[in-house]
Amino acid sequence: MERMGPGEWWRVRSVGDGITWIDEPHVREFYRCNVWHVRGRDRDMLVDSGMGVVALRNWVPLVTERPLEAVASHTHFDHVGCHHEFPCRSCHGAEAHLLRAPTRENTFADKYVTDEIFTALPPEPYQSATYAVQAAPATRLLWDGDVVDLGDRQFEVIHTPGHSPGGIALWEAATGVLFSGDIVYDGELIEGTTTQEQDQYIRSMERLLALPVRAVHGGHFPSYSGERHRTIIRDWLEGKGR
C-alpha cells in the first residue's frame, strides 16, 4: 500500500461558528476521527486529536497559534493519539487512568488497528502491528456540569456513558452547538455490550435529545443539523423500545 508524506496526512476545513474540522483523509471513514478546533477570545479548544501517527502540532499550524485546551471526548485510540503533544489536556475522570497509561488493549487499538483501516499508510516507520497511543496524563479532570471556558465561549461538559465509561459531549447553550463525541453521530453507532452500558447509552441519548441543538459536530462522519440530531436519536430510541 502507498505511504503518504506527513504534509499530506491532515485535512483542514472551516465549518463556521469559529470551528475548524481537522481529520485524517487516508483513514477509512468508519474509523476516521473528527478533530475539532474551536477559536475563543482568550484561548482555543481542541476536541480529540486523531490517531497520532503524524504529529498534529508539526503539520497543522492552527493548533499552535494560541493557548489551547485539548479535550478528549473519550480515550479510544482514534481520539487521543496526539494528546501528548499538548501541555493542557482534559478528560473525564472515569477515563483518566486510560489516558495516563494507554495500552493497545484499553484503547481498542488491538481490535481495530490494521493496515485495512487505511486507504494509504502513514509515513515510515509506522507499522500497524506496533502502533500504540502515547501516555498523556490529564492536567484537568472533567466531570458532568463542568465548563470549558474560552473567555467568550463556554462549553458545558455532559457525561455521556454508553460508548465508553468516561465519554463526554460539550454543549454551548448560547449558540446551540454540540460536540457529541462517539455517543451520537450520523453513522453506525458502536454501543456497549453489557446491560449497564445499554442502560447508560439510553440515558445519554435522552439527555442529548432534550437539548435545543442547532448544529452537531460528532466524533465521526460529517456534521449535521439539530433537526437531523433529533431524528437520529428518536429513531434509535424507538429501536430500543423507548
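**Cores, sheet and aromatic contacts in a predicted model**

Let me start with L56, which, leaving aside residues up to four places away in sequence, touches W10, I22, V35, L46, S49, V63, C82, E85 and F86. I should say at once that this is a predicted model.

L56 belongs to the largest nonpolar core, which has 35 residues, and it is listed with W10, M51 and Y131 as having the most contacts inside that core. The elements that give two or more residues to this core are β5, at 68-71, α2, at 77-80, and α3, at 96-100. There is also a second, separate core, of 21 residues, and among its members are A169, I183, V184 and V216.

Let me turn to the sheet. Six strands form an open sheet with mixed pairing, in the order β8-β9-β10-β11-β12-β13, and its edge strands, β8 at 147-149 and β13 at 224-225, each pair on one side only. Within the sheet, β9, residues 154-159, and β10, residues 168-172, pair in the antiparallel sense over 4 bridges, and V157 stands opposite L170 in β10. Helix α5, residues 195-209, packs on this sheet and touches β9, β10 and β11, the last of these at 177-181, with its direction making about 150° with that of β9.

Now to the aromatic residues, where a search of the whole structure finds 11 aromatic pairs. One of these is F77 with Y131, an edge-to-face pair at 6.1 Å centre to centre, with 80° between the planes. This pair links distant parts of the chain, since F77 sits in helix α2 while Y131 sits in the loop between α4, at 109-112, and β7, at 140-142, 54 residues apart. Both F77 and Y131 are buried, and together with W9, F118 and Y126 they form one aromatic cluster. Elsewhere, R13 lies over the face of W21, at 3.8 Å from the ring centre.

I will finish with the backbone. The peptide bond from E124 to P125 is cis, with omega near 10°, and P125, too, is placed in the loop between α4 and β7.

Which residues have a positive phi although they are not glycines? D48 has a positive phi of about 70°, as does F108, also about 70°. D48 is in the loop between β4, at 44-47, and α1, at 56-59, and it is buried, with a relative accessible area of 1%. F108, by contrast, is in the loop between α3 and α4, and at 34% relative accessibility it counts as partly exposed.

Definitions and conventions:
Residues are numbered from 1 along each chain as its sequence is written. This is a predicted model: local features need pLDDT of at least 70, side-chain atom pairs count only at pLDDT 80 or more; totals for chains, interfaces and linings use all residues. Side-chain values use heavy atoms; hydrogens and water are left out. A nonpolar core is a set of buried Ala, Val, Leu, Ile, Met, Phe, Trp, Tyr and Cys residues joined through side-chain atoms within 4.5 Å. Buried means under 20% relative accessible area, exposed over 50%, partly exposed in between (1.4 Å probe, protein chains only). Contact means heavy atoms within 4.5 Å. Two strands pair if DSSP finds at least two bridges between them. Axes are lines fitted to C-alpha atoms, for helices over the stretch in contact, and angles run from 0 to 180 degrees between N-to-C directions. Rings of Phe, Tyr and Trp (its six-membered ring) pair if their centres lie within 6.5 Å; planes under 30 degrees apart count as stacked, over 60 as edge-to-face and the rest as tilted. A charge sits over a ring if NZ of Lys or CZ of Arg is within 6 Å of the ring centre and within 35 degrees of the ring normal.
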